[in-house]
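Please work through the exercises below with the sequence and the structure at hand. Attempt each task before reading its solution.

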Amino acid sequence: MKKIRVRFAPSPTGYLHVGSLRTVLYDYLFAKHNGGDFILRIEDTDKARYVEGSIENLVKILDFMGLEYSEGVFVDKDNKTFQKGDFGPYIQSERLDIYKKYIDELIKNDYAYYCFCSQERLGEMRKNQQLQKLAPMYDGKCRGLGKDEIQKLLDEKTPYVIRLKVSKEGFTEFDDLIYGKIKIENKTIDDQVLMKSDGFPTYHLASVVDDHLMEISHVTRAEEWLPSTPKHILLYKAFGWEIPQFAHFTLLLNPDKSKLSKRQGDVAVEDYLNKGYLKEALLNFVLLLGWNPKTEEEIFSLAEMIERFDLSGVNKTGAIFNTEKLDWLNGMYIRKMDVSELTKLCVPYLIEANLIEEKDTRYKIQDTNELIDFEYLKRVIALEQERMKKLSEIGESVKFIFSDKLDYEKELLIWKKMTAEDAKNNLQLIFDELSSFEENDFQSEKLQEVLNNLVEKNSLKRGEVLWPLRVALTGLKGSPGPFEVAEVLGKEKVLRRIKEGIVKI
RNA sequence: GGCCUCAUCGUCUAACGGUUAGGACGCCAGGUUUUCAUCCUGGCAAUAGGGGUUCGAUUCCCCUUGAGGCUACCA
């Protein structure tokens, strides 16, 4: 059997779209699952849409996501792109000679022809066709141009394009790996432009030539290409090339079911990364948007995905990109994560929230000017690990730890039906109890034990002690438990905050 | 308009002729807890409509409806 070779072929038009992320994931998983090659090819045949820096950006995100490829475009340490592989440049704008050679072959064999029609004429033609409720299609005016006529126009430097000469008889059919049999009448296929007047190939020509030359066994791409696949098949036939397998993946949708677009929310992978979603969660989420493992498992590492992925589990209905489940997945991954790793990821958000700043190998708390180390940050992050959904929330949720002065209403200190006086008395009780503590004994278990005793000794309810204490320490309606917080804060700050609570009431 | 495609809870999906139509997210209720979150238990919620085929249709066929994609010298 032929070696499986799959390529991801994005256009460098800015950012990586989350829909493309799913496509590239499926490409990658399909290749890896089958022990095949995975390749990155850049399709930059539209000069007008090219965005500076987007190739580098794309490569970096794929690298960050762990979607490794063996041939294609890479970026070195100095942020310069380079290409690796045995099949010539992997950037289409660097392959112009190749396309020229193949287009000449098509013309020679009468599978393509010069077209000198102006944009104005074509526009006019389409308008009339639509008025007559006909499908807008090239009318074939230049199809029958004689050799001399063509030469004359060429000599006059008349701009031209080269079109595919579609035989309008019969039909073209193919068997898509996702959609099954697709059959369409050739008379509905337009004489597609293959070479633009600027000498660049269109997608149709470039992708067919490259997929053939690069020995791509499975052409995988988004559903929007399904209607133009017959044109591509006609091209393969014109060249006398073996036709690869096709697999079209569904589109990701807006809530209104239209093609996922920027107008209706964020679509760049970077946006979601910046919002504090983990790459593992993002990958897992898009995996499930159109593929199912045929079991009830839902959490997959990249290695597990490779092992389990196959095309038979891929759906043919578009999925709405609804991030509710992504939030849940993200929380799952955060909870499973090693605290050190999680802390490293959280540091930039703490800095961004202006809670801390880097100071040599340590960190300075902005509000108090204290210096703390990474180990301390780990303890802070550990407090929130269970309740965090996105990394971006961390600043807001641990702000109370780093604040010099807590800002909250005194009523918050009062639990359920207690009186203000009760709250005050209980805080004083706690204060007295903890005052005698050794700094070293300021540990969550120890504090828990002592405060439980305090509750019993005074015949109180746990909430009557723990609620005011927790609020005094955090100033929040919802927060981690008072013992854990107290341990992280340390004796001095704990006593000070309790005192401040007492004064407030 | 033409061509192509699709159609199960709000969302992601399972059930490749026989199930009380299953799971997950979200939502609601209860439990655990000082609070929030986690965790546990339970609940609400779907086969677009109409015809066939069949002993029997979510499943196969046809029509209708709805939705989407394509219809560029963009990909």
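The exercises that follow concern a predicted model and go from the whole chain to its sheets, its helix pairs and its RNA surface.

**Exercise 1. The whole chain**

Determine how many helices and strands chain A has, and compare its radius of gyration with that of a compact globule of 505 residues.

Solution. Begin with the secondary structure: chain A has 19 helices and 16 strands. Next, take the reference value, which for a compact globule of 505 residues is near 23 Å. The radius of gyration of chain A is 32 Å. Finally, consider the box filled by the C-alpha atoms: along the principal axes it spans roughly 105 × 50 × 45 Å.

**Exercise 2. A hairpin**

Describe how strands β3 and β4 are joined and what lies between them.

Solution. Strand β3 covers residues 72–75 and strand β4 covers residues 81–84. The two run antiparallel and are joined by four bridges. Within this pairing, Gln83 of β4 stands opposite Val73. The strands form a hairpin, with five residues between them. In the turn, Asn79 has a positive phi of about 65 degrees.

**Exercise 3. Two open sheets**

State the strand order of the sheet that contains β15 and of the sheet that contains β6, and identify the edge strands of each.

Solution. The sheet with β15 is open, has three strands in the order β14-β15-β16, and is paired antiparallel. Its edge strands are β14 (356–359) and β16 (371–372), each of which pairs on one side only. Four bridges link β14 to β15, residues 362–365, and Glu358 has Tyr363 in β15 as its bridge partner.

The sheet with β6 is open, with three antiparallel strands in the order β5-β6-β9. Here the edges are β5 (112–115) and β9 (193–195), each pairing on one side only. From one strand to the next, the twist averages 45 degrees. Strand β6, residues 161–164, pairs with β9 over two bridges, and Arg163 stands opposite Val193 in β9.

**Exercise 4. Two helix pairs**

Classify the crossing of α3 with α6 and that of α12 with α13 as parallel or perpendicular, and describe the residues in contact.

Solution. Two packed helices are described by the angle and the distance between their axes. For α3 (residues 96–108) and α6 (residues 203–213), the axes come within 10 Å and cross at roughly 100 degrees. Angles of 65 to 115 degrees count as roughly perpendicular, and α3 and α6 are therefore roughly perpendicular to each other. In α3, Ile98, Tyr99, Tyr102 and Ile103 meet Leu205, Ala206 and Val209 of α6. This contact has seven nonpolar residues, with no polar and no charged ones.

For α12 (residues 339–352) and α13 (residues 374–384), the axes come within 9 Å and cross at roughly 95 degrees. This angle makes α12 roughly perpendicular to α13. The contact includes Val339 and Leu342 of α12, together with Phe374 and Lys378 of α13. By class, the contact has eight nonpolar, two polar and one charged residues.

**Exercise 5. The surface near RNA strand B**

Find which residues are closest to RNA strand B and which element gives the largest share of the surface near that strand.

Solution. First, 62 residues surround RNA strand B, and the closest are Asp46, Ser197, Arg387, Gly478 and Gly481. Elements giving two or more residues to this surface include α4 (119–131), β8 (180–185) and α11 (324–336). The largest share, five residues, comes from α17. Lastly, the residues of the surface divide into 22 nonpolar, 19 polar and 21 charged.

Conventions: Residues numbered from 1 in each chain as written. Chains lettered and ligands numbered in written order. Predicted model: local features only at pLDDT ≥ 70, side-chain atom pairs only at ≥ 80, totals over all residues. Axes fitted to C-alpha atoms, helices over the stretch in contact; angles between N-to-C directions. Parallel < 35°, antiparallel > 145°, perpendicular 65-115°, else oblique. Contact = placed C-beta atoms within 7 Å. Nonpolar A, V, L, I, M, F, W, Y, C, P; charged D, E, K, R; others polar. Pairing = 2+ DSSP bridges. Near = placed C-beta within 6 Å. Rg over C-alpha atoms; globule rule 2.2 N^0.38 Å.
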